[in-house]
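Me: Could you take me on a close look at one part of this model, the open four-stranded sheet and what surrounds it?

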Amino acid sequence: MLTMLRCCKPVLPLRLSPLLFSRIPPRKSSRIYAVNSTRVLCFSAAGNSQNSINWNGRVSDGGAIHGERSVGEIEFWLYNTMSRQKELFKPKVPGKVGMYVCGVTAYDLSHIGHARAYVTFDVLYRYLKFLGYDVCYVRNFTDIDDKIIARANQLGEDPICLSKRFCDEFLQDMAYLHCLSPSVQPFVSDHMPQIIEMIKKIINNGYAYEVDGDVYFSVDGFPDYGRLSGRKLEDNRAGERVAVDSRKRNPADFALWKSAKKGEPFWESPWGPGRPGWHIECSAMSAAYLGYSFDIHGGGMDLMFPHHENEIVQSCAACRESNVSYWVHNGFVTVDSEKMSKSLGNFFTIRQVIDIYHPLALRLFLMGTHYRSPVNYSDVLLESASERIFYIYQTLHDCEEALQQHNQSSLNVSIPHDTMNCVTKLRHEFLTSMSDDLHTPVVLSALSEPLKSINDLLHTRKGKKQHLRIESLAALEKIIRSVLDVLGLMPPSFSEILQQLRGKALKRAGLTEAQVLQRIEERASARNSKDYEKSDEIRKELAALGITLMDNPDRTTWRPAVPVPLQEEEGQVTTISRK
């Protein structure tokens with residue numbers, strides 16, 4: 001590794017080499033978003049969550065089940081697009097992970113396809129940290145691009161200012177979705193010296209050429225171009241973010257540097273004023289913060305070709321020892337089983353979705369499908385995710401209230417055999433499934449049994465009489481909290497999020513809380529008058545709107561549920577699909 005750095009040094013000064021684990025000094029002109037806002041430790045300490053899971057089988061105050069384990073003790077298998085198989089994860093530097101994920105081109109509000117990608121890599125980031133790795137997670141912002149310039153001209157705004165505004169909106173979306181901040185979030189416009197330096201290296205090494213102020217990469221210099229995607233060179237059609245230009249030696253050659261056009265932002269370069277092409281920015285910024293050789297490069301499947309293919313050849317052209325160990329790609333989002341597309345009118349922004357569904361319901365929905373599979377966005381699936389996450393938080397809220405009535409410091413350290421079996425089973429499912437290429441759907445399913453056990457202990461006659469009942473509740477609650485913490489699904493307050501989920505359900509139903517309570521009173525009066533027909537009518541009316549009534553001995557409450565018409569629609573689709 002050190003030999004490689006001497007041969008192919010990082011684009012930024014040596015003090016930024018990840019091998020030195022040094023801090024990146026702030027620049028007055030920089031707009032790098034970083035951990036703690038000021039300085040970035042490239043391989044930052046993962047930190048121990050209060051609810052982190054360490055597994056040796058005894059209950060402890062600090063988390064669910066604690067024990068000692070070393071980094072790499074748990075085998076983690078990750079699918080590598082390059083090899084088309086799952087591979088045992090082994091970082092280049094023991095205990096350290098460098099991960100680069102392609103960020104947004106910020107010219108509009110982010111859509112649910114973006115949510116899918118960045119929730120996926122947030123889960124990967126969280127799990128690597130849980131395994132004990134120090135992770136340097138770099139996710140860029142493209143703040144200068146053809147689409148940004150076109151939108152700015154349309155709105156009469158400065159392109160950089162417009163992009164900055166949508167970068168801020170994106171960060172707000174990520175906060176709503178409980179995505180952790182990456183270690184570094186660099187902007188293209190702040191890294192022109194590094195981009196220009198890389199282009200100069202590529203030209204000097206004979207893999208690019210300049211024509212009238214434009215610089216093009218020559219794909220003919222790489223016979224194995226397309227190895228990542230398995231596509232042929234002729235598939236890189238001109239016109240698909242590959243400009244049609246008769247001056248190019250090969251129609252598939254792509255721009256590294258674009259000469260300035262009238263009215264566009266530009267930067268000075270050895271080839272005249274201009275701006276970078278789309279692909280070179282990620283090669284330059286990944287090299288700047290992680291070096292030419294690092295562990296994980298990620299993004300959506302749509303970036304595999306041509307963007308990631310072009311990144312590979314660019315980086316290798318600048319430094320022949322350039323290497324990424326694992327290429328990771330998430331699947332597409334479809335809408336009602338059709339590919340999400342603006343032209344089809346089925347394109348939804350994150351803001352549109354979370355206006356009526358809670359962001360954590362959206363996160364749960366996205367994690368309910370394995371990250372490499374297509375995920376189908378539909379109202380019934382979002383409603384189901386909302387109902388499920390309400391059940392999870394309501395169960396934990398009830399458990400929390402029960403435990404608050406007891407002094408946990410006086411609890412017995414042992415728990416019943418069946419409770420320990422339940423805890424052990426969830427622990428096993430969590431570690432096995434997450435370590436098998438982040439199989440989140442299995443983990444979410446595995447929560448069902450411990451959640452049911454909590455409800456049995458809280459609400460059934462048999463459960464209330466169980467020996468060491470409070471100890472069992474404490475153990476089950478802690479392991480569930482720990483799993484949710486790693487999955488990014490732990491809210492700051494159960495009572496607050498339950499109220500928020502109710503508010504979203506009311507908005508979808510077009511009702512107010514007062515109206516629902518009024519209907520509950522009317523139903524109670526009907527039941528008292530033995531008008532059961534009217535009572536059932538009110539229940540069905542609310543159920544059709546996604547409001548389920550819960551009759552308790554002392555009062556009737558309500559909770560969000562999948563509206564009955566959507567349930568029936570889903571049932572019809574399922575029946576048809578089985579024929």
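Reply: Happy to; here is the sheet, followed by some salt bridges and the cores.

A word on the basis: this is a predicted model, in which local features need pLDDT of at least 70 and side-chain atom pairs count only at pLDDT 80 or more, while totals for chains, interfaces and linings use all residues. Residues are numbered from 1 along each chain as its sequence is written, and side-chain values use heavy atoms, with hydrogens and water left out.

The open sheet has four strands in the order β11-β12-β13-β14, with antiparallel pairing. Its edge strands, β11 (208–211) and β14 (274–276), each pair on one side only. Averaged over the sheet and with direction ignored, neighbouring strands are turned by 20° against each other. Strands here are DSSP runs of E with at least two residues, helices are runs of H or I with at least four, and both are numbered from the N terminus; two strands pair if DSSP finds at least two bridges between them.

Between β11 and β12 (residues 214–217) there are four bridges, and A208 stands opposite F217 in β12. Helix α5 (residues 192–204) packs on this sheet, touching β11, β12, β13 (254–259) and β14; contact means heavy atoms within 4.5 Å. The direction of α5 makes about 125° with that of β13, where axes are lines fitted to C-alpha atoms, for helices over the stretch in contact, and angles run from 0 to 180 degrees between N-to-C directions.

Now to the loops: R247 forms a salt bridge with D212, with the closest N and O atoms 3.3 Å apart. The term stands for a side-chain nitrogen of Lys or Arg within 4 Å of a carboxyl oxygen of Asp or Glu. R247 sits in the loop between β12 and β13, and D212 in the loop between β11 and β12, 35 residues apart. R247 is partly exposed at 31% relative accessible area, whereas D212 is exposed at 62%; buried means under 20%, exposed over 50% and partly exposed in between (1.4 Å probe, protein chains only). A network of salt bridges also links D146, K258, E264 and R275.

For the wider setting, the largest nonpolar core has 102 residues, a core being a set of buried Ala, Val, Leu, Ile, Met, Phe, Trp, Tyr and Cys residues joined through side-chain atoms within 4.5 Å. Apart from the largest core lies another of 48 residues, M198, L228, L290 and W327 among them.
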